[in-house]
Amino acid sequence: MAATTETLEFQAETRQLLQLVIHSIYSNKDIFLRELISNASDALDKLRLESLTDPDLGVDTSDLHITLEVDKDAARTLTVRDNGIGMTRDDVVDLIGTIAKSGTAGLLAKIKEAKENKDADAASLIGQFGVGFYSAFMVADKVTLHTRRAGTAQGTVWESDGEGTYTIADADDLPVGTTVTLHLKTADSEDGLGDYLAAWKIRQIVKQYSDFIRWPIRMATTANTADSQDGSESDGAAGEPETLNSMKALWARPRPEVSEAEYHEFYRQISHDWQDPAQTIHMRAEGTFEYEALLFLPAHAPFDLFSRDTKRGVQLYVKRVFIMDDCDALMPNYLRFVKGVVDAHDLSLNVSREILQHDRQITAVRRRLVKKVLGAIKDLQATNTDAYTTLWEQFGRVIKEGLLEDRDNTDALLELVSAASTHDPEKTTTLREYVSRMKDGQNTIYYLTGENRAMVENSPHMEAFTAKGYEVLILTDPVDEVWTDQVPSFDGHRFQSIAKGQVDLDETDENSDEAKADKAQQEQDFAALLAWLQNTLAEHVKQVRLTTRLTTSPACLVGDAHDLTPTLEKMYRAMGQDLPSVKRILELNPTHPLITALREAHETKAEDHSLAEIAELVHGAALLAEGGDLPDPARFTRLLTDRLAKTL
Ligand code: ADP
Ligand code: MG
């Protein structure tokens, strides 16, 4: 029978788009193979489905698979073959002859506009359209396709150089299925063209992008495809096919059918972490936007958790085809330690990061995943305290960044927070536990931030709280300085820094008239001293006042509610920010002998210039007591030694 050969032109728009696909979309040309394998896999799915619904189809579906064949010598071809559904001649014209069928013109207009405005990544727009098959022209200067539709007798052959035209003809004696033959361009590292004739390269690409395709991907090793770079692996007998993919997409299997050992093995594979994960999350969403997620909470932090460009651990797949690592649209920065896979069924393989960022459905998926992860940590907290404690030690600092980034989940995050506390020298406490121990009448959660536990514990601010038995949280992570300033309360209980604002513990217990009268008297007694000190120390402090927060120290420094803490001030400076120095408030302990003596001295010999030096010493001592830095250590030391010399 005479084959009717037709030469057809691609539509003008298709031609333009084709040039774009070939020359500018992908910097990574390897992905052409993922596209062709994904098409073959779809074709196998379709055939299986059709053979189930149409028993008269008359095809053998007992060995559905994909074969890759390399002809290294004369032809320089790479062939992707499937025994799937195949296409009729009309199908080929329709499906292969027309790229990005729907809205090609519209797409081109958008791309043009984006290019003119120079504001958008024009190529990323392509991600909305299927251009899969045509990616073959990135690596081939000619593509030949042989195909026969299951249930039909006539085969079709299609061929194109990807320029302006393609030919289409009938072909006899074809098996059911599709064979795509790429006449490869020569390898060119400058152009990003790999050596797609090398078996090791094909193996590597399949492993990376198509490992979880459900059908076997076999490489036919003929005598001339054995290559020297992969040693013993390729030494199999000629003609014996090697299966390249594991097909083990655990996430696609029902949860009860997967053993813990399999989960852990899979985790090792994707994370390169030798330790088992602390928690496994496996979920499936059905409905308008179907996806499966298999996520892991690692048991320990990677060394680069805090480096600026740590990758997030969630990979995106579309129907088992690998799309991208580090899918930032699926996991917020503060959960960057979570590892795993999300397989979304209804996305284009070409979907770009930009598109994902703005996709409403992806945003909804992310919201759901975040809830799941936070829920899993909460579960761990309830059921396995040790594992939770370890997890918090490893990742708490990162999770707390969520208190700044993710206002929707503030409450859930606060439930997870664990902190050191004056309640126990070693064990940390949750906020809930803190609240359960609050004293009668206490409705504030007291905390103090600082560089380390010892400094915070020994800070003079602690004195009255310790003396009166109030528990204080000891917060020593840099991020604590920031979130405590922005999150007002937990479960209706206000957070209060004991180094900020006025703390009046007396109010909660001895609130009698008598106490009030005593206090008024005290204020009067000290008024002159306070005014003088404020003037003398104006360079260093913004106010001097009496306090009840001290029991043994003469003085301490505090801030106003929204002042930067000294640690935060230091952090900002370390980051190179130029800040005006933050003046604090000097608080005096009116019952301390040094302070009472100072008051008497000021009353009797206000003119004595050595009093000013003592004022400086009091201020310096308060700074030192909280672990702060003196403005002029040399001067402080001289004043102190002069003073000591006079006492001997
Ligand atoms: P997409 O896969 O996103 O639809 P492609 O450009 O990859 O876009 O493929 C276009 C169409 O061509 C596919 O939808 C399919 O109908 C058809 N097709 C491509 N490859 C094959 C194949 N190996 N077997 C059967 N049909 C195929
Ligand atoms: Mg495709």
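Among contacts in the protein between residues at least 6 apart in sequence, what percentage join residues at least 24 apart? The figure is 73%. Keep in mind that this is a predicted model. The protein has 648 residues, and 50% of them count as buried. Its secondary structure adds up to 21 helices and 23 strands. Here's a quick tour, topic by topic.

**The nonpolar cores**

- The largest nonpolar core takes in 146 residues. If you want to find the residues with the most contacts inside this core, look for L33, L68, W158, L182, L295, L316 and L369.
- There's also a second, separate core of 26 residues, with F526, L557, L598 and V618 among them.
- W158 is a good one to click on. Leaving aside residues up to four places away in sequence, W158 touches F10, V92, I96, F133, Y134, F137, V143, T144, L145, Y166, T167 and I168.

**Helix α3**

- Helix α3 covers residues 89-96, and its buried residues are R89, V92 and I96. Two of the α3 residues, V92 and I96, turn up in the list of residues that W158 touches.
- Looking down the axis of α3, you'd see the buried residues fall within an arc of 70 degrees, so they line one face of the helix.
- Turn to the face pointing away from that buried side and you'll meet the exposed residues D90 and L95.
- What do the buried residues of α3 pack against? They sit against β1 (6-9), β4 (140-148), β5 (155-160) and β6 (165-171).

**Strand β8 and its partners**

- Strand β8 runs over residues 217-220 and is covered on both faces. I217 and M219 lie on one side, R218 and A220 on the other, and all of these are buried.
- As background, side chains in a regular strand alternate between the two faces of the sheet.
- β8 runs parallel to β2, and four bridges join the two. One spot to check is T67, whose bridge partner in β8 is R218.
- β8 also runs antiparallel to strand β9 (residues 242-243), with two bridges between them. Here M219 stands opposite E242 in β9.

**The six-stranded sheet**

- One open sheet has six strands in the order β16-β15-β18-β17-β20-β19, with mixed pairing.
- β16 (424-430) and β19 (489-490) are the edge strands; each has a single partner strand, so one side of each is left without a neighbour in the sheet.
- The partner of β16 is β15 (residues 418-421), which runs antiparallel to β16 and is joined to it by three bridges. Within that pairing, S421 stands opposite D424 in β16.

**The three-stranded sheet**

- Another open sheet has three strands, ordered β21-β23-β22, and again the pairing is mixed.
- The edges belong to β21 (541-546) and β22 (555-558); since each has a single partner strand, one side of each is left without a neighbour in the sheet.
- On average, neighbouring strands of this sheet are turned by 25 degrees against each other, ignoring direction.
- β21 pairs in the parallel sense with β23 (residues 584-588) over five bridges. V544 has L586 in β23 as its bridge partner.
- Helix α20 (residues 610-625) packs on this sheet and touches β21, β22 and β23. The direction of α20 makes about 65 degrees with that of β22.

**Two arginines with positive phi**

- Most residues other than glycine have a negative phi.
- R76 goes the other way, with a positive phi of about 50 degrees. Look for R76 in the loop between β2 (66-71) and β3 (77-82).
- R320 has a positive phi too, near 75 degrees. Its place is in the loop between β12 (313-318) and β13 (321-324).
- Is each of these arginines buried or partly exposed? R76 has 25% relative accessibility, so it counts as partly exposed. R320, at 13%, counts as buried.

**Cysteines**

- How many disulfides does a search of the whole structure find? The count is zero.
- C327 has 1% relative accessibility and therefore counts as buried.
- C556 counts as buried as well, because its relative accessibility is 0%.

Note on methods
Residues numbered from 1 in each chain as written. Chains lettered and ligands numbered in written order. Predicted model: local features only at pLDDT ≥ 70, side-chain atom pairs only at ≥ 80, totals over all residues. Heavy atoms only, no water. Core = buried A, V, L, I, M, F, W, Y, C linked by side-chain atoms within 4.5 Å. Buried < 20%, exposed > 50% of the residue type's maximum accessible area, 1.4 Å probe, protein only. Contact = heavy atoms within 4.5 Å. Disulfide = S-S within 2.5 Å. Pairing = 2+ DSSP bridges. Axes fitted to C-alpha atoms, helices over the stretch in contact; angles between N-to-C directions. Arc of directions from axis to C-beta.
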